[in-house]
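Hi everyone, thanks for coming. Today I'd like to walk you through some empty spaces in a protein model, and then one helix. Have a look at the picture first.

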Amino acid sequence: PVHEIFMQCMSTKFNAYTKNMQIIHNQNSPLYSHLLQSSQQNPRWLNSTTLPKPLIVLTPFHESEIQAAIVCSKMLGLQVRVRSGGHDYEGLSYLCKKPFVLVDLVNLRSIEINVEEKTAWVQSGATLGELYYAIAKETGVYGFPAGLCPSVGIGGHFSGGGLGTMLRKYGLAADNVIDAYLVDANGKVLGRKEMGEDLFWAIRGGGGGTFGIVLSWKIKLVPVPPKVTGFTVSKSLKQGVGKLVHRWQYIVDKLHEDLFVRVIIQDVGKGNEKTVQASFNSLFLGGIDKLIPLMNKSFPELGLQAKDCVEMSWIQSVLYFSGYQMDQPLEVLLDRNVLYKSYFKAKSDFVKEPISEAGLEGIWERFLEEELVFMIMDPFGGKMNEISESEIPFPHRNGNLYNIQYLVKWEVNGFRASNKHVHWIRMLYRYMKPYVSSSPRAAYINYRDLDLGRNKIENNFTSYEEGSVWGTKYFKGNFKRLVDVKSKVDPLNFFRNEQSIPSLPVSI
Ligand code: FDA
């Protein structure tokens, strides 16, 4: 059997590996199922009988084991999938139609904070929660601008950009990466110097699973004040959601960069009581005394009062935004599972012009037809406007008012159920076309959406044209440079999936 030859290859070729046989789990191993399922954050594909399972789940402790896995997989014609936190929206970190080895980085999670240098090294298998926790244990005056959900893995998140509550002040997680180590398609370990600036550019936002396996990242910590303020003000249709959201669009990208006010739209209630609710959910990098005058000046329509606001430390704000109670112990951030796991499908858009009140009306109507639906509108502007579109592969900068993430969840899975919900979200997406960015209709790679297009792989390759269908939506003009980099560093297209950057046999 192939898995036995794989094991032989690993043990004979690489000395480092022989010390640790317990990192290879084949389909008969006692831990195999647990490992495979443990970090799947969208359980849609969990019990699928049609999708092949990995021949091997590898849980390396050392980079040499990853080097070995790449060389041995290549030799045996096996594909490799890499998983850090398992949050990929389409399951691309653990699904593959061809025989494959799953490299799960769950054991590579060390974090070293250097307060003096204001930097940290973090391994890809750590989660955002583990990183935030480690920072807070060392210092109260620095934080890091990445996503909101603590269980998200560093590896996939940084590879796609990573946006969170401090993006208007400090940009994305990937904007704050200053070095990295990666194992390339030849099994070589490369630091920033060895990989060169093109590849270092590509791994900071060009999407995971394309350029190699990133082992660790060096990041810049960012200053946070001792006191920050959070508020959540919710309004229903009867309380004038339409007018408030409409108005929010005109001010949200122009607010002070210390102020992040997002809107979460969702359906609430049942039957005749059903309505649409908008929650204005905010982080301010300062105290209530400064926040209230700022809000009264920029967004008086919301009527924010001190009693709506809570002062806290930055690390408590991480709990606040991830759905924990602020008085819960910080150790809850170390939980690697999503707080509310459920089946879901998501899509994304970028908005450049405010949507009319009539346009918003149509959204509410569609929300009333479904259940467990969300639209998360994350404001841009501030620092995001100052960073050029080509600084890193994430191109959605100046000119974007906000990003939308559409989300539909369901509790009982099955072919018919999932079809119904997926159909609904596609209808909403079609409806939104006139109101959002166009040529291309842009999307965010970390909210991966295979509806945008997928590679059709023939003889291990996919064409530039096919890739650019989805690639220009995620990366706009940066797609071509990503293809150039990929073609140079992985000419055989070893690291590939449905939305990996194509490698062209000859450079375009
Ligand atoms: P996973 O392990 O599934 O990897 C995702 C992709 O990256 C896969 O293609 C994988 O092969 C590849 N990859 C993983 N590790 C790699 C490595 N070491 N080297 C190279 N490639 C690697 N986003 C955001 O910007 N802000 C937010 O607040 C949130 N919040 C959020 C909440 C929840 C509940 C979910 C499910 C998702 C988010 N996200 C998000 C989206 C998240 O940023 C995105 O799904 C990331 O890619 C997840 O990274 P993981 O490592 O967890 O995923």
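Let's start with a question: by class, how many nonpolar, polar and charged residues does the lining of the largest cavity have? Keep in mind that this is a predicted model. The lining has 9 nonpolar residues, 4 polar ones and no charged ones. The space inside is about 100 Å³, and the residues closest to the centre of this cavity include Tyr132, Gly147 and Val318. Helix H11, residues 314-321, gives the largest share of this lining, with 4 residues.

The count of cavities of 30 Å³ or more comes to 2, so to speak of the other one: the second largest cavity has a volume of about 80 Å³. Among its lining residues are Trp45, Leu51 and Tyr94, and by class the lining has 8 nonpolar, 2 polar and 1 charged.

Now for a pocket. The second largest pocket has a volume of about 600 Å³. Of the 20 residues lining this pocket, Arg44, Trp45, Leu51, Glu90 and Ser418 are the closest to its centre. Its lining has 8 nonpolar, 4 polar and 8 charged residues, and helix H14, residues 415-432, gives the most, with 5.

Finally, helix H16, residues 478-489. Its 12 residues, at 1.5 Å a residue, should span 16 Å, and the end C-alpha atoms are 17 Å apart, which agrees. Several residues of H16 are buried, including Phe479, Leu482 and Val483. Helix H8 and helix H15 are among the elements that cover the buried residues of H16.

Conventions: Residues numbered from 1 in each chain as written. Predicted model: local features only at pLDDT ≥ 70, side-chain atom pairs only at ≥ 80, totals over all residues. Heavy atoms only, no water. 1 Å grid on protein atoms, 1.4 Å probe; cavity = no way out; pocket = protein on both sides within 12 Å on 5 of 7 lines; lining within 4 Å. Points joined across faces, edges and corners; volume = space filled by probe spheres on them. Helix = DSSP H or I, 4+ residues; strand = E, 2+ residues; numbered from the N terminus. Nonpolar A, V, L, I, M, F, W, Y, C, P; charged D, E, K, R; others polar. Expected span 1.5 Å × (residues − 1). Buried < 20%, exposed > 50% of the residue type's maximum accessible area, 1.4 Å probe, protein only. Contact = heavy atoms within 4.5 Å.
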